[in-house]
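Q: Pick one spot in this structure and walk me through it up close, please. After that, show me how the rest of the chain is arranged around it.

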Amino acid sequence: MGILNSFTNWKTVRYEKHLNVMEGLGKCPDCRGRGFTIPVSAYAVPYECPSCNGSGLFTDWSNN
Ligand SMILES: [Zn+2]
């Protein structure tokens with residue numbers, strides 16, 4: 001147990017909470033139902049979400 005450990009736990013809990021919300025909405029947790037990812041850089045092009053194959057659905061995400 002340490003600061004790093006509790007920080008990792010906090011991140012895991014936060015992610016699981018996000019998953020639960022997205023599951024309730026039926027949306028892909030990775031792209032939040034958009035079907036594509038948001039580019040980090042302003043020059044990057046949005047690409048199809050590989051986790052849900054661009055459908056944005058939670059069911060497709062959980063199948064992958
Ligand atoms: Zn997705």
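**A close look at Cys28**

A: Leaving out residues up to four places away in sequence, Cys28 touches Met22, Gly33, Cys49, Ser51, Cys52, Gly56, Leu57, Phe58, Asp60 and Trp61. Touching here means that two C-beta atoms, placed from the backbone, lie within 7 Å. Keep in mind that this is a predicted model, where local features need pLDDT of at least 70 and side-chain atom pairs count only at pLDDT 80 or more, while totals for chains, interfaces and linings use all residues. Numbering starts from 1 along each chain as its sequence is written.

Cys28 also belongs to the largest nonpolar core, a set of five residues completed by Cys31, Cys49, Cys52 and Trp61. A core of this kind is a set of buried Ala, Val, Leu, Ile, Met, Phe, Trp, Tyr and Cys residues joined through C-beta atoms within 7 Å. Buried means 20 or more other C-beta atoms within 10 Å of a residue's own, exposed means 12 or fewer, and partly exposed is anything in between, again with C-beta atoms placed from the backbone. Across the 64 residues of the protein chain, 9% come out as buried.

Now for the surroundings. The chain has two helices and zero strands; these are DSSP runs numbered from the N terminus, with helices being H or I over at least four residues and strands being E over at least two. The radius of gyration, taken over C-alpha atoms, is 14 Å, well over the 11 Å that the globule rule gives for 64 residues, so the chain is more spread out than a compact globule. That rule is 2.2 Å times the number of residues to the power 0.38. Along the principal axes, the C-alpha atoms fill a box of roughly 40 × 30 × 15 Å.

Helix 1 covers residues 3-25, and its 23 residues reach 33 Å from first C-alpha to last, close to the expected 33 Å. The expected span is 1.5 Å times one less than the number of residues. Helix 1 is hardly covered, with a count of zero buried residues. Leu25 sits in this helix and is exposed, with 12 other C-beta atoms within 10 Å. Its C-alpha is 9.1 Å from that of Leu57, although the two are 32 residues apart in sequence. Following helix 1 comes Gly26, with a positive phi near 75°.

Next, the loop between helix 1 and helix 2 (58-63), where you'll find Arg32. Most residues other than glycine have a negative phi. Arg32 has a positive one, near 55°, and Asn53, in that loop too, has a positive phi near 60°. Arg32 is partly exposed, with 16 other C-beta atoms within 10 Å, and Asn53 counts as partly exposed with 15 C-beta neighbours inside 10 Å.

Finally, Asn64 lies in the segment after helix 2 and counts as exposed, with 11 C-beta neighbours inside 10 Å. Back towards the core, its C-alpha is 7.2 Å from that of Cys52, 12 residues away along the chain.
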